[in-house]
Amino acid sequence: MSNAITLKKLDSGIMLVTIDLPGSKMNLLSESVLIELNDAIDQIESDTSVRGVIIASGKEDNFGAGANVEEIQALQSQPAERIYEAVKKGRAIFARLEKLNSIAAVHGISLGGFTELGLACKYRVATSDDKTQIGVPEIMLGFIPGWGGTVRLPRLIGLANAFPLISTGKQVPAKKAWKLGMVDEVVDREKLLSRAEEILLSGSPRRYKPSMKEAATRSFFDGVGKGLFASLAAKQVYAATRGKMPAPMEALKVCVKAVSGDREAAFEAESQAFARLATTQVSRNLVAIFFAQTESKKMPEGAKPAVKVQTVGVLGAGVMGAGIAQSAAYKGFKVILKDINQEALDKGMAAIGKLFDELVERKKLSRSDADGMLANITPTLHYEEMADCDLVIEAVAEVMKVKKIVRGELDKAIKKPYVFATNTSSLSVGEMAEGHDDGKVKVDPARHPELVVGIHFFNPVHKMPLVEIVRGSTTSAEALACAKAFALKLGKTTVTTNDAPGFVVNRILAPYMLEAIRMAQEGVPMADIEKAAKNFGIKMGPFNLLDEVGLDIAGHVIDTLYGALGERMARPAILEDLDALKLLGRKGGRGFFLYKPDGSRVSVMEGKAFRKKKVYVFNPDVLSAIAKRTGVNKKTEGEIQDRLFLAMVAEAARCMEENVIDDPAQLDLAMIFGTGFPPHVGGVLKWADSTGTKLVCQKLDWLSKVAGANYAPCELLRDKASTNEPFVG
Ligand SMILES: NC(=O)c1ccc[n+]([C@@H]2O[C@H](COP(=O)([O-])OP(=O)(O)OC[C@H]3O[C@@H](n4cnc5c(N)ncnc54)[C@H](O)[C@@H]3O)[C@@H](O)[C@H]2O)c1
């Protein structure tokens, strides 16, 4: 028994059921909590004087985070029939709750099973607090809501409103949930319980009144337009998942069934679909990623952050510096942004202003909040203004000497201990703590070498979810904890790496881009390469990605990796021809693709009448440069995918061998969040595991003979292959 539920009968005859899972910050609906809930319903049913039931949370800021994923993971190794029985049990408890005069009083996040619990209540009231966010994110774990949510939600708010929430797992704030009809009333926090009691007694919540148009749209899509909705949604799901994720399609089928009349049949379909989906490898992979992400939030060695960060300094107001400053200000930090050049500073501040304007346009921020955040960034040309900084992130030119100089200047300007973080993509973090003396310039070693750390953001900072935290040779656990805590506050997923060229993400991504270019140089049509990569499930094809990164930046990263890692990172010869074309990628309007002035890719519609498809146009100059070197050399999709993704596996294995990162699951997390590597395969190493390390090694040996020595498997991979041992397990 988890002792999570307490019952208190109020004077009005309403039973207040409070869920407060002991020893956990978050409420979770584990099996034992469900059993307690069932017992509570027994007790309520046996007391005929109970006039209604409020389900509330005893937690400060969450109604509940959903089912206990550890229990789901344990179930995943069991046969689908066993999962079906388990999920049906939970569904039966919710069905009992449904018969009571009940209300869910929601404050803070309500996810998954807790949202389903609320849906099983007669009413739902939520607080207007920003922390209140409601959603059903099960799809991210590869299954669907299994305790009736996939049926109750579309029946409550309509197919066209419910399916997008279920198929994306998106959370909505209370006000939006009210407008959708998911909650019956939104109240101030202090009124939550009193208003819940009133609603139960009066039976009249203040519901949102949909407009005529909203009501008509809903009744169309729940009625005669159901089929149309289903076919459009299926197309969209296919385009987004390339058929690799079974859960959204299954969700669609259950949602359509739910609004089609036979409620019990829909519940049954939901339980069966849940059991089927939870046993798939895709779901197992997604659940493993969930745990890797949970693991990634832990502080190194349980260390406390070296300093409490209130004021953040950013050196360099360029692409990265401006992005970092904006992200920090957005999360409430005071920021001092320094550059050596007024023009660069103005440009950086203008870029930051634009990002805030976009947030206002997208209604993520009020104008006054955005103005306040912008005003919290002080642009300066002087180090003196940085004296109060607790953490300084440098994003100046990628030159060791320059970085050491700015670190030395800061050491003079900031008298108290502060964390110095570098955003370098490729230079040694440990070396940055050392001094410098070339006869002309002298820099003292860092005053606090233990406080020098790497915080590697990705471009564009406001969009990219990953940050690599880099442990330099002198970095203390406390500095690492400080860097990590800061990145987590910015809402990033962090992965800790050791101090090695390209860290993890750029190092493993480089072979993907290089192999694409090498194949193009061999005459494999670029369109085939791009398509094969997308069909594998990666977010961006290699040429699209190269254009996004910027061909200058990509070239710089590759050159640095070549310097550090040798021949396998060498520039393909075709790049010499392309250099003459002075392509920059999207930012310059021309790269492997062509771009319109608004930055979108130039495309044409191809195909017959009703089957027209958008096709992006490759840059004809690139095509003719390649054609001058070679003829067409077609390869199958599988061959292309092996070239692209086995090159990544070979490099990932080397990263493990060289201890660039300690945990293979964290490497996979980095590649998924840092590069859009398909989550359904679980990451680069997990994909190798599923293929079998033995087969991977055989393929790499073959590729090293026919496609280049860069494919040669490292010793660690050979060891694993000898017994077909997995990396991640
Ligand atoms: N651009 C990317 O995609 C990317 C991604 C991750 C990391 N990085 C790294 O971030 C750093 C900055 O890259 P960027 O793309 O923002 O460069 P950038 O050229 O856009 O900006 C650098 C800025 O630093 C300023 N600067 C130069 N010397 C300075 C000094 N001594 N003091 C203060 N400001 C100074 C310049 O005036 C310029 O405004 C580099 O180390 C780069 O490797 C870049």
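Select glutamate 606: it stands opposite lysine 613 in strand S22. This is a predicted model. Widen the selection to residues 603–606, strand S21, and residues 613–616, strand S22. The two strands run antiparallel, joined by four bridges. Now look at the turn. Six residues lie between the strands of this hairpin. Among them, glycine 607 takes a positive phi near 110°.

**Strand S18 and its neighbours**

Next, select residues 452–457, strand S18. Is this strand mostly covered or mostly open? It is mostly covered, with six of its six residues buried. In a regular strand, side chains alternate between the two faces of the sheet. Colour one side of S18 by picking Val452, Gly454 and His456. Colour the other side by picking Val453, Ile455 and Phe457. Both faces are covered, and each of these residues is buried.

Add residues 419–422, strand S15. S15 pairs with S18 in the parallel sense, over three bridges. Centre on threonine 422, whose bridge partner in S18 is glycine 454. Then add residues 466–471, strand S19. S19 and S18 run antiparallel and are joined by four bridges. Here isoleucine 455 faces its opposite number, isoleucine 469 in S19.

**The ligand**

Move to the ligand and show the 25 residues around it. Which of them come nearest? They are Gly316, Gly318, Met320, Ala344 and Asn459. Two elements give two or more residues to this shell: helix H14 (319–330) and helix H17 (400–413). H14 gives the most, with three residues. Colour the shell by class: 14 residues are nonpolar, eight are polar and three are charged.

**A four-stranded sheet**

Now find the open sheet with strand order S4-S6-S8-S9. Its pairing is mixed. Select 62–64 for strand S4 and 172–173 for strand S9 to mark the edges. Each of these edge strands pairs on one side only. Helix H4, residues 113–120, packs on the sheet. H4 touches S4, S6 and S8, and its direction makes about 85° with that of S6.

Inside the sheet, select residues 109–111, strand S6, and residues 133–135, strand S8. They pair in the parallel sense over two bridges. Leucine 111 stands opposite glycine 135 in S8.

**Two helix pairs**

Select helix H10, residues 226–241, with helix H11, residues 246–258. Their axes are 10 Å apart, and the packing angle is about 170°. Angles over 145 degrees count as roughly antiparallel, so H10 is roughly antiparallel to H11. Show the contact as sticks. H10 brings Lys226, Ala230, Ala233, Ala234, Val237 and Thr241. H11 brings Pro248, Met249, Leu252 and Val256. By class, the contact holds eight nonpolar residues, one polar and one charged.

Finish with helix H13, residues 281–296, and helix H27, residues 664–675. How far apart are their axes? They are 9 Å apart, and the helices pack at an angle of about 100°. That makes H13 roughly perpendicular to H27. On the H13 side, pick Ala288, Ile289, Ala292, Gln293 and Ser296. They meet Ala665, Gln666, Asp668, Leu669 and Ile672 in H27. This contact has six nonpolar, three polar and one charged residues.

Methods
Residues numbered from 1 in each chain as written. Predicted model: local features only at pLDDT ≥ 70, side-chain atom pairs only at ≥ 80, totals over all residues. Axes fitted to C-alpha atoms, helices over the stretch in contact; angles between N-to-C directions. Parallel < 35°, antiparallel > 145°, perpendicular 65-115°, else oblique. Contact = placed C-beta atoms within 7 Å. Nonpolar A, V, L, I, M, F, W, Y, C, P; charged D, E, K, R; others polar. Near = placed C-beta within 6 Å. Pairing = 2+ DSSP bridges. Buried ≥ 20, exposed ≤ 12 C-beta atoms within 10 Å, placed from the backbone.
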